[in-house]
Amino acid sequence: MARADEVVIEIEDAVVSYREDVALRGVSLTVRRGEFVGIIGPNGAGKTTLLTLVNGLGRLLSGRVRVLGKPLAPRNAHHIRTRVGYVAQVQDIDPRMPITVREVVMIGRYGRLGPFHRPTQADRDVVERMIELVGMSPLADRPIGHLSGGEQQRTAIARALAQEPDIFLLDEPTAFLDWRAQREILDLVQEIHRRQRLTTLFVTHDLNALPRCDRVVLMKDGLIQGEGRAGAVLRNEVLSELYGTPITLIEHAGRQVVLS
Amino acid sequence: MQNAILAAFLGGVACSTVGVFVVMMRISFIGVCLSHAAFAGALLGALVGFNPVVGAFAFSLLAAAVIGPLADRGEFNPDTAIGILFSLMLGLAFLFMGLMPGPRTQALGLLWGSILTVTNADLILLAVVCASVVALVVLFFKEIQAVTFHREVAMAVGIPASAIFYALLFLTGATITASFRTIGGLLIFSLIINPAAAAYQLTYSMKRLFCLSALFGVLSGWLGLLISYLFNIPSGAVIIVVSTLIFAVATIFSPKRKVKGLSNVGTGFSSAAD
C-alpha cells in the first residue's frame, strides 16, 4: 500500500520550449500523495505546460521528471498516462457526434484495458459508479454533444476518474462555464478530493475559480514565483505582484472573493 | 457485369468505412488530398511504365506521411499546408498527363475509372483491402472510437492516439489506392465521404454509423451500376450522383436537424441556458 507521504510527482529544473518561446525556464516542483495543489498565474505563465509534463504530453528540453516513482520517458508515457486523469477546458463538441455520455466515460477505461481487450462487467461497473458520482446518471444515454458545458465537464471528470487514476490533473476546468456550473464543478472537484484523497493539481488563472487547496503555486513567465499554504500566499500584495494589477481579496460567507 | 457488381460491393464497403474516420475526424480535406495524390502517383506509373497501383499507393502514403505531422504539431495552419499539397498533387497529375505521348486513354481511364472492365487482379486487391479495413475496425473499435471522438482525450487516457491516427490515414490511402481504378481518381472521394456523411445524419451510435455507411456505399455502387447500365452512361459519375442523392435525403430526414431546439430540461445539473 502506498505511503501517505510518498512523493508522486518530482519535477527538477524542467525547461520546455515551443519553437522560439520558452514555456518553462527551470521549474522544480514536488507533490506528495493526497495533496491538493492549486497552480495560479496570468495567461502564458507556463501552468498548462507544467501539467503536460506530468502526463508526458510535454517535451522536456532539459531537467528531470519522475511520476509515480518512474522517470517519464516516451517509452513509458502511455503507461503513466493510464494512471493520470486529465480534464481540460470544456471542448467544442459537434452536437451530432455519435457518442453517448456512457461511452465517453468508458474511454477512460480503454487506456488501461489496452488493445484487443473488451470492457468487462467490472469496467462497466466502474463507469456506472463514476457517472453516478458526478450526478450524470439521468443523462448517461444522451449524446455528449447535446449537453451543456457544465454537464460536459462532469462527464470529462467521470471519464478521468474512470481511469482510477493516481493523479488527477485539472486545467481550467471551469473556463467558459456560467456561474452556477462553475460552482458545481468546483464543489464536485473538492468533494472528490475529500472522499478519495486523490493527488490533485488544479490550474487556473481565475482566482475565483480556485478551490480550497493544501498548497498554492504561483507561476509567471515560465517560472515558479513562490509557493506555500493558501493562507500565506493568497494575499493582496503577493497576487497584485503576480498579476501585475492591483488585486483585493475579501472574505464573504467563508469564501475568499477576488476583486481587481 | 458480375465482376462490376462485386467491385461495387467491395469498393463501397471499404470506401464508406474509411469515410467514417474522415467524417468523424473532420478531415475531409486531408482525404481529398490523399485521393489526388493517389491519382498523381497512378499517372506517374502510367507515364514511366510501372504499375499505376504501386504509384498510387506510394504517393498516397507519402502524402499521408507529410500531412500527418502537419496536422499533429500545429506548426503552421494545417489547412494551408494541405491546400498547397493538394494543388501540387493536382498540378503533378496534369503534368504527368501532359507528358504522355499519344492518346491518353489510360490516363482518362484512371480519371473516370472503369468499373465495367475491372480485372480479377483489381478484385483481389479490393477484396484484401476491404477485408483488412473491416477486420481492423472490428479489432480496434474502441481505440478508433476514442481517437475519432477526440484525439487529445484518447492520448490523455493512455491510448497510442498518434499511432491510431496514422494507421487511419494509412488505411484511407490504401483504400483509395485499391478502388480508384474502378471508381476513378476524380470521383473516388465522393464515395468515401457521401455515405459516411449521410449515415452521420441518422444515428448517434458509432456501430450503426459504420453499418449504415457501408450500406449506403454499396447501395450507391449498385444503384449507380444499374442506372448506368439502363441508360448507357458513365458508371463512376452515376455512382457519385446517387451517393450524393442519398446524402441529401438523409440530411432532409435527419433527426439531428432538431438538435438545436433541444433543451436540457429536468436534469437537475444543467447549467442555466444563456
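This is a dialogue on how terms are applied to a predicted model.

Mentor: Local features need pLDDT of at least 70, side-chain atom pairs count only at pLDDT 80 or more, and totals for chains, interfaces and linings use all residues. Residues are numbered from 1 along each chain as its sequence is written, with chains lettered from A and ligands numbered from 1 in the order in which they are written.

Trainee: What makes helix α7 of chain B mostly covered?

Mentor: A residue is buried if 20 or more other C-beta atoms, placed from the backbone, lie within 10 Å of its own. In α7(B), residues 141-149, 8 of 9 residues are buried, among them B:I144 and B:F149. Helices are DSSP runs (H or I, at least four residues) and strands likewise (E, at least two), numbered from the N terminus.

Trainee: Which element of chain A do the buried residues of α7(B) pack against?

Mentor: They pack against α3 (101-113) of chain A. Contact means C-beta atoms, placed from the backbone, within 7 Å. The contact between the chains takes 31 residues from chain B and 39 residues from chain A. On the side of chain B that touches chain A, α7(B) gives the most, with 5 residues.

Trainee: Why do β6 and β10 of chain A stand at the edges of the sheet?

Mentor: Two strands pair if DSSP finds at least two bridges between them. The open sheet runs β6-β7-β8-β3-β9-β10 in chain A, with mixed pairing. β6 (84-87) and β10 (223-228) of chain A each have a single partner strand, so one side of each is left without a neighbour in the sheet.

Trainee: How do you know that β9 and β10 of chain A pair?

Mentor: They share 5 bridges in the antiparallel sense, and the definition asks for at least two. In β10(A), A:G226 is the bridge partner of A:L218.

Technical notes. Buried ≥ 20, exposed ≤ 12 C-beta atoms within 10 Å, placed from the backbone. Contact = placed C-beta atoms within 7 Å.
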